[in-house]
Each structure stands twice: as C-alpha cells, then as structure tokens.
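This report walks through a structure from its local backbone features to its ligand shell, core and first helix. Please keep the sequence and the coordinates open while reading.

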Amino acid sequence: MEDPDKLARIVEARMKLKARFEAKMQDTPSVADTRPQGTGKLNRHGMPEVPVGQTITQKWPVLDLGYQPDVDLTRWRLIVDGAVENPVRLTWQDFMALPQTDDTSDFHCVTTWSKLDMRWTGVRLMDLASLVHPRDKATHVLCYGYDTYTTNLSLEEALKPDVLLVHTFEDKPLPQEHGGPVRMITPQLYAWKGAKWIKRIQFLTADQPGFWEERGYSNTAYPWRNDRYS
Ligand SMILES: Nc1nc2c(c(=O)[nH]1)N[C@H]1C(S)=C(S)[C@@H](COP(=O)(O)O)O[C@H]1N2
Ligand SMILES: [Mo]
C-alpha cells in the first residue's frame with residue numbers, strides 16, 4: 001500500500017541533503033568544466049577581459065631572475081632546432097626579413113597584474129615554425145632566454161596566431177628590461193610562458209618543464225581557469 005507520509009519524508013530528506021550540498025557543489029565544477037572565469041566585456045577570443053584574480057595596471061612591471069642580459073644586435077642569434085626538418089640559426093637581418101605581424105593583445109602575469117591593449121610588432125611563432133618544418137612527432141617547444149630562463153608550451157598553444165616574437169612595442173624597440181631585443185608573448189596564457197631575451201626555441205617530442213614549471217607553476221597556465229600553480 002502506498003504511504004503518502006512515507007513518500008513525503010523521503011522527498012523531504014532528499015531536498016534537505018540537496019540544499020546542504022548545493023552551494024559546495026557550485027564551488028567544485030568538474031575537471032572537464034572549462035567555463036572561462038573573469039570579469040568585464042568579452043575580448044576577441046570570447047573571454048572576459050580581466051581573468052579571475054587579476055587587477056589591471058597602467059604601469060608595466062618588470063619581472064626577471066635578477067639579471068637582464070645585454071645582447072648586442074650584431075651578436076644576437078635565434079636558434080630554432082630540435083624535432084624539425086630544417087633547423088635554423090637566424091641573424092638579426094634574417095629575423096627582420098621574415099613576415100612581420102602587428103597585433104594588440106593583453107598581458108596577464110601570474111603575480112595578479114594584467115596590462116591591456118599592448119601594441120606589438122614581431123614574427124609569429126607559427127611563421128617561424130613553417131620555416132623549420134616541425135616533424136610529425138613534435139608536440140611541444142622549450143624556449144630559452146639569454147639569461148638561462150626556460151619555459152615550455154604545447155604546440156597547440158605555441159602556434160596560436162597571437163603568439164609572437166616581438167622586437168617592437170608601440171613603435172619603439174622593445175626595452176631591454178622587458179626582454180629586448182626580442183621576447184615571446186603568449187596573450188592567452190600567463191606571461192611567464194613568454195621568454196624574454198629569447199635565444200632558442202627547441203621543438204620537442206615529449207613535454208619538458210621549464211624554470212617555473214619545475215618549481216610548482218602550472219604546466220598549462222590558463223588565466224581564465226585560475227590555473228597558476230600545480
Ligand atoms: N628570459 C626570461 N623571460 C621571462 C622571465 C624571466 O625571468 N626571464 N620572467 C617571466 C615572467 S614570470 C613574466 S610575468 C614576464 C614578465 O615580463 P615583463 O618583465 O616584461 O613584464 O616575463 C616572463 N619571461
Ligand atoms: Mo610572472
């Protein structure tokens with residue numbers, strides 16, 4: 001026989017349990033939940049302009065390992081090698097003869113500052129990659145700075161069209177303190193993924209952590225997932 005009181009008690013118990021966990025469940029999205037987190041109008045990639053936990057700065061802070069290498073243009077070289085068919089060692093003239101791209105993008109530092117609308121000129125990593133022909137088994141790059149810094153990226157991130165090796169910022173040579181003569185920028189990842197004073201890009205067939213990645217920074221570095229540390 002059906003017992004309406006019993007059913008009501010069961011439903012009530014379930015509703016109570018649901019209420020008890022509802023707020024907590026909203027704070028723990030599944031790992032597969034990739035909803036972008038942030039505030040402000042949407043940027044060109046459909047992401048909120050200010051990623052979660054970031055504050056806009058007008059100044060441009062300087063972050064390095066305590067040493068800013070001084071690389072004269074006559075001695076500057078960029079090596080692109082590893083799992084590629086056609087490794088190259090470019091001089092400044094070689095580099096400047098490559099297709100040049102202008103782009104305006106945002107810069108998000110893991111230490112919680114973001115600087116918006118930075119106008120750059122440089123060479124797309126994608127264009128450099130097509131010059132060296134990565135092998136089919138290449139999956140990542142490891143970028144090296146003249147200061148011994150390293151950082152790794154998956155190819156799907158490194159080959160995004162806004163990943164540039166920049167030599168010019170707002171029509172002036174990139175200042176040495178910000179990585180001049182040439183640095184990489186990664187507008188859709190935290191900025192530590194862009195090596196300043198870049199000297200070598202090594203294509204890899206397996207991932208290999210860089211300087212900060214070895215010290216507990218996230219391997220993937222997605223600003224809109226608050227993906228700072230591992
Ligand atoms: N060669 C090199 N590149 C580097 C770093 C570094 O110490 N050395 N620091 C990284 C970090 S943590 C950030 S946030 C940005 C800072 O760039 P900026 O000093 O121009 O603001 O550069 C990244 N690239
Ligand atoms: Mo950083």
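## Unusual backbone geometry

Thr148 counts as exposed, because 12 C-beta neighbours lie inside 10 Å of it and a residue with 12 or fewer falls in that class. The model is a predicted one, and in it Thr148 sits in the loop between β8 and β9 (150-154), where it has a positive phi of about 85° although it is not a glycine. Most residues other than glycine have a negative phi, and most peptide bonds are trans.

A positive phi also appears at Asn226, again a residue other than glycine, with a value near 55°. Asn226 belongs to the segment after β13, and it is classed as partly exposed because 14 other C-beta atoms lie within 10 Å. The peptide bond from Gly180 to Pro181 is cis, with omega near 15°, and Pro181 lies in the loop between β11 (172-173) and β12.

## The shell around ligand 1

Ligand 1 is surrounded by 18 residues, of which Gly145, Tyr149, His178, Trp192 and Lys196 are the closest. Sorted by class, this shell holds 11 nonpolar, four polar and three charged residues.

Trp192, one of those closest residues, is placed in the loop between β12 and β13. Trp192 counts as buried because it has 23 C-beta neighbours inside 10 Å, where 20 or more are required. Not counting residues up to four places away in sequence, Trp192 touches Val110, Thr151, Trp212, Tyr217 and Ala221. By contrast with these contacts, the C-alpha atoms of Trp192 and Ala97, which are 95 residues apart along the chain, are separated by 27 Å.

## Nonpolar cores

The largest nonpolar core has 31 residues, and those that touch the most other members are Leu125, Leu164, Leu165, Val166, Met184 and Ile198. Two or more residues come from each of β4 (78-82), β7 (113-124), α3 (125-132), β8 (140-145), β10 (164-169), β12 (183-185) and β13 (198-204), and β10 gives the most, with four residues.

Once neighbours within four places in sequence are left aside, Leu125 is in contact with Ala158, Leu159, Val163, Leu164, Leu165 and Met184. Apart from this core lies another, of eight residues, with Ala191, Trp192, Trp212 and Tyr217 among them.

## The loop that holds Val62

Val62 is found in the loop between β3 (55-56) and β4, and it is exposed because 11 other C-beta atoms lie within 10 Å. Leaving aside neighbours within four places in sequence, Val62 is in contact with Glu177 and His178, the latter being one of the closest residues to ligand 1. The C-alpha atoms of Val62 and Gly179 are separated by 9.5 Å, although the two residues are 117 residues apart along the chain.

## Helix α1

Helix α1 (residues 4-26) comprises 23 residues, and the distance from its first C-alpha to its last is 32 Å, close to the 33 Å expected at 1.5 Å a residue. The helix nevertheless bends by about 35° at Arg20. It is also hardly covered, since the count of buried residues among the 23 residues of α1 is zero.

Methods: Residues are numbered from 1 along each chain as its sequence is written. Chains are lettered from A and ligands numbered from 1 in the order in which they are written. This is a predicted model: local features need pLDDT of at least 70, side-chain atom pairs count only at pLDDT 80 or more; totals for chains, interfaces and linings use all residues. A residue is near a molecule or strand if its C-beta atom, placed from the backbone, lies within 6 Å of it. Ala, Val, Leu, Ile, Met, Phe, Trp, Tyr, Cys and Pro count as nonpolar, Asp, Glu, Lys and Arg as charged, and the others, Gly among them, as polar. The expected span of a helix is 1.5 Å times one less than its number of residues. The bend at a residue is the angle between axes fitted to the seven residues ending there and the seven starting there. A nonpolar core is a set of buried Ala, Val, Leu, Ile, Met, Phe, Trp, Tyr and Cys residues joined through C-beta atoms within 7 Å. Two residues are in contact if their C-beta atoms, placed from the backbone, lie within 7 Å.
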